[in-house]
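Here is a brief report on a sheet and a set of charged pairs. Look over the sequence and the structure before reading on.

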Amino acid sequence: MDAALWAFGRGTGVVSLVALTVTVLLGILTRSGRPLPGLPRFSITLVHRNVALVACAFVVLHVVLLFFDSFAQLTVLDFVVPFFGSFLPFWQGLGTVAVDLLIAIIVTALLRNRLGLRTFRVVHWLTYALWPIALAHAIGNGTDGTSVWFLWLAGLSTLAVLAAVAWRVSARFVEFRSVRTGQLS
Amino acid sequence: MTNSPQPEPAALLHIDWTRCDGRGLCTELLPELLARDEWGYPLARTGSAAGSAAERSDIAIPPALRGAAADAVALCPRQALKLTSR
Ligand code: SF4
């Protein structure tokens, strides 16, 4: 039973990280206002949202399964208050910080049309902190965190996110940017 | 669209130009009513190019497109859209 819990705890953690990475990439694409071939802009927004919700579901599974694991020895406090854990408290605490950020980001995103744009945007920017914190938690805390396959996954994910962020801050990021600023082509 | 007499439209889609950033979601969801101008901003297909400001900012939504308009309101990344009834 314990072995199964541990395996599911690990597996759901890895799936969460992959889903979060895809969410970040889709979120940056959403912000650019550009469609993909075969995927219009409103679909990209919706896929971004749905993959984020999938990530949340896996994070919930990840936390709840490890709550019943005798090795991780999570307490209810560890769900929300970081750095008091008994097993690798720093790395586990990063996971708790990531969960707190995730809750804030998801709640404000779901209530976006009621909260107003400014609140939504400021909180949504926290994603840029959430993603590296979650990655650090996976590497530092995870049983597979330093195994070769996981480091490959982490490395490729980091490359993808860094490339997306570099695109995000580049001058040509937003569609119609060149006509709007009066440049030719 | 034909020129046959239509009942007074029940709904208006209002575009708040101080918010709209021309991200093009509404023009995808309501291609029957909205095109994009050369800067990417939504442009009502009805009315002349030199239509009044009211025509460009308040687009009449026929009942069949009400759902698509509601989707556009919900998904507009800038919260620039509002459905009002006349
Ligand atoms: S979806 Fe909103 S921001 Fe985008 S073009 Fe339409 S009104 Fe403007």
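The text below covers the sheet in chain B and then the salt bridges.

This is a predicted model.

**The sheet in chain B**

Strands β4, β1 and β5 of chain B, in that order, make an open sheet of 3 strands with antiparallel pairing. Its edges are β4 (58-61) and β5 (81-85) of chain B, each of which pairs on one side only. From one strand to the next, the twist averages 30°. Strand β1 (residues 11-15) of chain B pairs with β4(B) over 4 bridges. In one of these strands, β4(B), Ile61(B) is the bridge partner of Ala11(B). Helix α3 (residues 66-75) of chain B lies across β1, β4 and β5 of chain B. It runs at about 140° to β5(B).

**Salt bridges**

Over all chains, the count is 6 salt bridges. Among them are these pairs:

| Pair | N to O distance |
|---|---|
| Arg41(A) and Glu175(A) | 2.8 Å |
| Arg36(B) and Glu175(A) | 3.4 Å |
| Asp21(B) and Arg23(B) | 3.0 Å |

What does the salt bridge between Arg41(A) and Glu175(A) tie together? Arg41(A) lies in helix α2 (residues 41-67) of chain A, and Glu175(A) in the loop between α8 (148-168) and α9 (177-180) of chain A, so the pair joins parts 134 residues apart in sequence. Arg41(A) is buried, at 12% relative accessible area. Glu175(A) is buried too, at 16%.

The pair of Arg36(B) and Glu175(A) crosses between chains, with Arg36(B) in strand β2 (residues 34-36) of chain B. Arg36(B) is partly exposed, at 23% relative accessible area. A network of salt bridges links Arg41(A), Glu175(A), Glu28(B) and Arg36(B).

Arg23(B), which pairs with Asp21(B), is buried at 10% relative accessibility.

Terms used:
Residues are numbered from 1 along each chain as its sequence is written. Chains are lettered from A and ligands numbered from 1 in the order in which they are written. This is a predicted model: local features need pLDDT of at least 70, side-chain atom pairs count only at pLDDT 80 or more; totals for chains, interfaces and linings use all residues. Side-chain values use heavy atoms; hydrogens and water are left out. Two strands pair if DSSP finds at least two bridges between them. Helices (H or I, at least four residues) and strands (E, at least two) are DSSP runs, numbered from the N terminus. Axes are lines fitted to C-alpha atoms, for helices over the stretch in contact, and angles run from 0 to 180 degrees between N-to-C directions. Contact means heavy atoms within 4.5 Å. A salt bridge is a side-chain nitrogen of Lys or Arg within 4 Å of a carboxyl oxygen of Asp or Glu. Buried means under 20% relative accessible area, exposed over 50%, partly exposed in between (1.4 Å probe, protein chains only).
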